[in-house]
Amino acid sequence: MQKTFIKYTFAIMTSAVLLIFFINLFYVHHTLKSQQLDTFYVKIEQVIHTLENNQSELMLMNENLDEDYLTRAKAAAYVLDRQQEIAMNVSEMQYLAELLDVDEIHVIDESGSIVYSSVSQYIGFYMAGHPQTEAFLELLEKDGENSYLIQEARPNAAENKIMKYVGVSGQNKIVQVGFEPTRQLEAQSRNTYDYIFSKFPTDVGEEFFVLACDTGDLLGHSGNIEDAKQKQYPFELLLGCSQGSYIKGENDIYRYVVSRQYEDVLICATLPGEILFQRLMENILPILFYLIFIEAIVILLLYFLVKKKVVDGIHSIIESLSAIAEGNLDTKVTVEGNKEFKELSRGINAMVRSIINLSARISSIIEISGAPLAAFEYEDGVKSVFVTSGLGKLLDIPEQQAAALYKYASRFDRYIHKLIKCPIQGEKDIYQIGESKYVRIHMSKDHQKYLGVVTDVTKDILEKRRMQYENTHDSLTGLYKYKYFKQIASEILKKMPSGTLCCVIMLDLDYFKSINDTFGHDIGDQYLQSFAAVLKDMPVEHFITARRSGDEFCMMLFDCEDTVDIISYLDNFYIALGENQIALSDTQYRTICASAGYAWTRDADMDIEELLRRADSALYKMKRETRGYYAEYREEEKIT
């Protein structure tokens, strides 16, 4: 009971612990997702804020630089208007460029060609025909000398080099200055997503990337952008992750993704699901350990409480019941300290007394009835066997040996099962005890309990065997009757092994009628019995014999390999017959004379009647011609 109580208590407590654990598991998981969502939202907001700040700084810087570049272009135009000889010397133009802190100075005439330049290879370059240079020719068409054009940094037409050009119109010419936009390019590079992500603090496993909303192309990534392109998620899935969602990526790995649309881009943040799971375990496992510890304390307290108040008393009762089950029916159950235990003890003691009285009453009833029967009962795990009086006598077990056998159920079980292994042939539940005693043992099993009844059926079995013998055997000779012979012979023929043959032999005693008439029926009966004795001496593993009627007999020879075996057995039979003389009177002796005909077959499907008919035909042929020996059936022979 203690184990059962602890088992169910453990099951209930464990179920409660698991329920609390899983509730906390879902709660903590939801909390971690919410925290990660808030973290990603803050970081994405920081990315957007950085982009906006960089954009503002870039615009302000461009405005300032454009104004500065325009001032320098106008200064170059002013100097060249006043000192035209400078334009004609490339060295002077280069010196002027150094003074104005510009990289290139060009003068374009009204035909659209560069006529003067600080870069000698550009002199004579025609501005029309290329988008980068052609835009400045529009200044020649505008009225006034204060027209200007500030061009964004781009590859120039001459060398495809990134340059920023500013042009101002003059008298039938354009003065153009060029700058390598180092500061602007650096500022623009700081405003790219890759640059921002490279300077952006990220936790372990976090990734940030940006997609174009119109094309879905990857614009930037906090890691290697080429590797990121290979594991890019479908844009439609990312678009639906504004509140956070798990998405399965490459190698079936789940990642937690949060996305936010900003202007014409989608900014996304991801974290491997295994990191969230690790954080989940770090939070939930201590709770599980605490719950298990509490469960163990509660179970231990209940264990000691139940043991002290209940289990000790139950163990005392169980010990007494075990002694009773082992056959010690005089054991008294006494348990104090608990009202229920006292009542239980009284009930058990009353039940034992009733069992003792019942056993005695059953044995008395069986003895009074005079019926040759006894009963027994035992079960697995019980030491002794309950038996009624007379069982040992029925089983021919000496009294002292029987008492020792009943004392141990396991020993009795081995004895009874060994006995019932070999029932007598043709009978059910009937077994031979000793040389001439037969009992019927009927056993049944209910769960682990065995019940058995033993009855003496010796008289019935002997009477049944006597009647069966009389029905199948000739009363004078002890040979099979002809009808029973044909039944057995037919079965042997059907079961004949392949490659063997069977033979039937019909026999008739010669001159028997004259012996019977001359010396009397008693001598005739002795004559028949002597002949039957010779038949019985034939090897039983190859012969069955029968009396057909009067002085007619038959045999079946089986399991022969060829006809040579048949001839050998028949020759031996006639030799034995010749050696057997019978006294007809005090002075007269005669050797038994018999004629025989035989027929053999290898066909197991042949009808036994047909085989007997053939042997009979051969017998009649022998009696007509010679007598005293045997003849084989030939196909052309017929009975006449």
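## The main nonpolar core

The largest nonpolar core here has 34 residues, and Ile505, Leu509, Phe531 and Phe573 make the most contacts inside it. Keep in mind that this is a predicted model. Who builds the core? Two or more residues come from each of β18, α17, α18 (521-536), β20 (552-560), α19 and β23 (594-601). Helix α18 gives the largest share, with seven residues.

Phe531 is a good place to start looking around. Not counting residues up to four places away in sequence, Phe531 touches Leu507, Leu509, Phe553, Phe573, Leu577, Ile592 and Ala594. Apart from this core there is another one, made of 30 residues, including Val28, Val47, Ile275 and Leu288.

## Aromatic rings

A search of the whole structure turns up 20 aromatic pairs. Take Tyr574 and Tyr630: their ring centres are 5.8 Å apart and the planes meet at 40 degrees, which makes the pair tilted. Tyr574 belongs to helix α19 (residues 563-578) and Tyr630 to strand β24 (residues 630-632), so this pair ties together parts 56 residues apart in sequence. Both of these tyrosines are buried.

The two tyrosines also have company. Ring pairs link Phe531, Phe553, Phe573, Tyr574, Tyr598, Tyr629 and Tyr630 into a cluster. Phe531 and Phe573 in that cluster are also among the residues with the most contacts inside the 34-residue core.

Another ring has a charge for a partner: Arg548 lies over the face of Tyr482, at 5.4 Å from the ring centre.

## Salt bridges

Side chains of opposite charge can pair when their charged atoms come close. The structure holds 24 such salt bridges. One of them joins the side chains of Arg260 and Glu45, with N to O at 2.2 Å. This bridge links distant parts of the chain, since Arg260 is in strand β10 (residues 254-262) and Glu45 in helix α1 (residues 2-82), 215 residues apart. Arg260 counts as partly exposed because its relative accessibility is 29%, and Glu45, at 38%, is partly exposed too.

Another bridge stays within helix α1. Asp68 and Arg72 pair through their side chains at 2.9 Å, N to O. They are four residues apart in that helix, so about one helical turn separates them. Asp68 has a relative accessible area of 30%, which means it is partly exposed.

Is Asp510, the partner of Lys623, buried or exposed? It is buried, with a relative accessible area of just 1%. The closest N and O atoms of the Lys623 and Asp510 salt bridge are 3.2 Å apart. Lys623 sits in helix α20 (residues 608-625), while Asp510 sits in the loop between β18 (501-509) and α17 (512-519), so the bridge ties together parts that are 113 residues apart in sequence. Elsewhere on the list, salt bridges with shared partners join Lys43, Asp203 and Glu206 into one network.

## Around Thr472

Thr472 is found in helix α15 (residues 458-472). With a relative accessible area of 13%, Thr472 falls under the 20% cut-off, so it counts as buried. Its side chain makes a polar contact of 2.8 Å with the side chain of His473.

What else does Thr472 contact, leaving aside its neighbours within four places in sequence? The answer is Leu479, Tyr480, Lys481 and Tyr484.

How values were computed. Residues numbered from 1 in each chain as written. Predicted model: local features only at pLDDT ≥ 70, side-chain atom pairs only at ≥ 80, totals over all residues. Heavy atoms only, no water. Salt bridge = Lys/Arg side-chain N within 4 Å of Asp/Glu carboxyl O. Buried < 20%, exposed > 50% of the residue type's maximum accessible area, 1.4 Å probe, protein only. Phe/Tyr/Trp six-rings, centres within 6.5 Å; stacked < 30°, edge-to-face > 60°. Lys NZ or Arg CZ within 6 Å of the ring centre and 35° of its normal. Polar contact = N/O pair within 3.5 Å; in protein donor to acceptor, adjacent residues only side chain to side chain. Contact = heavy atoms within 4.5 Å. Core = buried A, V, L, I, M, F, W, Y, C linked by side-chain atoms within 4.5 Å.
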